[in-house]
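Let's take a walk through this protein together, from the overall fold down to single side chains. Have the sequence and the 3D view open as you read.

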Amino acid sequence: MSDATLHSITQDPDDFAVQIADSIESFIVATTEVAKGDEPDSAVPFLLLEISQLLLAGGRLGAHEDILPEERYEPDTGPDVDMDELRMRFAVLLEPVDVFSEVFDPYEPRKAPVPCRISDNLADIITDLRHGLAHYRAGRTTEALWWWQFSYFSNWGPTASGTLRALQSLVSHVRLDQPLAELDGLDIDEDLAEDELAEEAGRVMAREIAGPLGLGSRRGALKK
């Protein structure tokens with residue numbers, strides 16, 4: 001189904017739901033496999049691809065008319081899956097480049113960037129997606145779509161967008177032979193102003209990111 005027919009009155013809503021659910025389940029399965037660390041050389045490019053594909057599903061949810069739940073109160077899906085182990089796996093896998101700076105609202109003027117972690121973001125995204133998937137698997141299709149659409153606007157969409165920007169920037173720096181600022185000393189627990197973030201940034205060497213994370217530059221190793 002093309003996005004051009006998204007609002008067609010002849011469209012079967014079940015087809016849309018199945019496609020969104022398939023995209024979300026595929027993302028969860030694929031990124032969970034990446035977190036195992038079996039193929040660290042392809043981790044960053046693969047995450048870039050998976051986040052991009054997930055945001056296509058998010059864009060379709062965002063473009064869709066408001067989805068209203070059938071019940072006034074959300075049915076209980078049981079406790080959310082503990083994401084600490086997955087979060088730590090991502091943190092270890094992405095350690096040299098896990099922390100990045102992000103501006104949450106580009107339309108809010110003079111807002112200083114804040115440090116974030118790709119590992120935290122991925123775990124948070126998967127938590128949101130799994131919550132909706134629990135509804136979907138229980139046969140509550142409208143509830144699942146409502147949750148995915150609502151959380152796309154409120155949490156996992158912005159989080160995935162910021163993560164995509166970080167991954168795309170990382171790949172671009174390496175492929176274009178542009179030195180990265182060093183992330184040593186930058187921590188999400190610190191309350192840093194914009195100029196302090198820039199000062200904290202130093203240099204990340206090619207040996208720390210290009211080889212271990214599977215990023216080949218256009219003309220050899222990233223220069224210091």
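What follows goes from the fold to the core, then to the charged residues and a few single positions.

Please keep in mind that this is a predicted model. The protein chain averages a pLDDT of 78, and 72% of the residues score at least 70. Over residues 192–212, however, the pLDDT is below 50, although this stretch has 54 contacts in the model beyond near neighbours in sequence. Residues 216–224 also stay under 50, and here the model has 26 contacts beyond four places in sequence. Where pLDDT is low, the predicted coordinates should not be read in detail. The contacts counted for residues 192–212 and for residues 216–224 are therefore best read with that general caution in mind.

Now for the overall fold. The secondary structure of the protein chain comes to 7 helices and 2 strands. Following the sequence from its start, you meet them in the order α-α-α-β-β-α-α-α-α. Of the 224 residues in the protein chain, 40% count as buried. Among contacts between residues at least 6 apart in sequence, 72% join residues at least 24 apart. The accessible surface of the protein chain comes to about 12,400 Å², and carbon and sulfur atoms account for 51% of that surface.

Let's step inside. In soluble globular proteins, nonpolar side chains tend to be buried together. Here, the largest nonpolar core has 45 residues, of which Phe27, Leu129 and Trp148 touch the most other members. Helices H1 (13–35), H2, H3 (84–93), H4 (118–137) and H5 (141–175) each supply at least two residues of this core. H5 gives the largest share, with 11 residues. To see one of these well-connected members up close, centre your view on Leu129. Leaving aside neighbours within four places in sequence, Leu129 is in contact with Ile24, Phe27, Ile28, Leu54, Trp148 and Trp156.

Gly132 is also worth a look, and its place is in helix H4. This glycine is buried, with a relative accessible area of 0%. Beyond four places in sequence, Gly132 is in contact with Ala144, Trp147 and Trp148. Gly132 and Leu145 are 13 residues apart in sequence, with their C-alpha atoms 7.2 Å apart in space.

Next come the charged side chains. How many salt bridges does the structure hold? There are 6 salt bridges. In one of them, the side chains of Arg87 and Asp120 meet at 3.5 Å, N to O. Arg87 lies in helix H3 and Asp120 in helix H4, so this pair ties together parts that are 33 residues apart in sequence. Arg87 also meets Asp124 in a salt bridge, at 3.6 Å from N to O. Because Asp124 lies in helix H4 and Arg87 in helix H3, that pair ties together parts 37 residues apart in sequence. Arg87, Asp120 and Asp124 are thus linked in a network of salt bridges. Asp124 itself is partly exposed, with a relative accessible area of 33%.

Another salt bridge joins Arg117 and Asp98, whose closest N and O atoms are 3.7 Å apart. This pair links distant parts of the chain: Arg117 is in strand S2 (residues 114–117), while Asp98 is in the loop between H3 and strand S1 (99–102), 19 residues apart. Their surroundings can be compared by accessibility. Arg117 is partly exposed, at 22% relative accessible area, whereas Asp98 counts as buried at 2%.

Is Glu50 buried or exposed? Glu50 is buried, yet has no salt bridge. The nearest side chain of opposite charge, Arg130, is 13 Å away from Glu50, and a salt bridge needs the nitrogen and oxygen within 4 Å. Glu50 lies in helix H2 (residues 43–63). Not counting residues up to four places away in sequence, Glu50 touches Ser26, Phe27, Ala30 and Thr31. Phe27, you may recall, is among the core residues that touch the most other members.

To finish, turn to Glu39, in the loop between H1 and H2. Glu39 is exposed, with a relative accessible area of 60%. Glu39 and Leu93 are 54 residues apart in sequence, and their C-alpha atoms are 10.0 Å apart in space.

Definitions and conventions
Residues are numbered from 1 along each chain as its sequence is written. This is a predicted model: local features need pLDDT of at least 70, side-chain atom pairs count only at pLDDT 80 or more; totals for chains, interfaces and linings use all residues. Side-chain values use heavy atoms; hydrogens and water are left out. Helices (H or I, at least four residues) and strands (E, at least two) are DSSP runs, numbered from the N terminus. Buried means under 20% relative accessible area, exposed over 50%, partly exposed in between (1.4 Å probe, protein chains only). Lys and Arg count as positive and Asp and Glu as negative; His and the chain ends are not counted. Contact means heavy atoms within 4.5 Å. A nonpolar core is a set of buried Ala, Val, Leu, Ile, Met, Phe, Trp, Tyr and Cys residues joined through side-chain atoms within 4.5 Å. pLDDT is the predictor's confidence in each residue, from 0 to 100. Accessible areas come from the Shrake-Rupley method with a 1.4 Å probe; for residues, only the protein chains shown count as cover.
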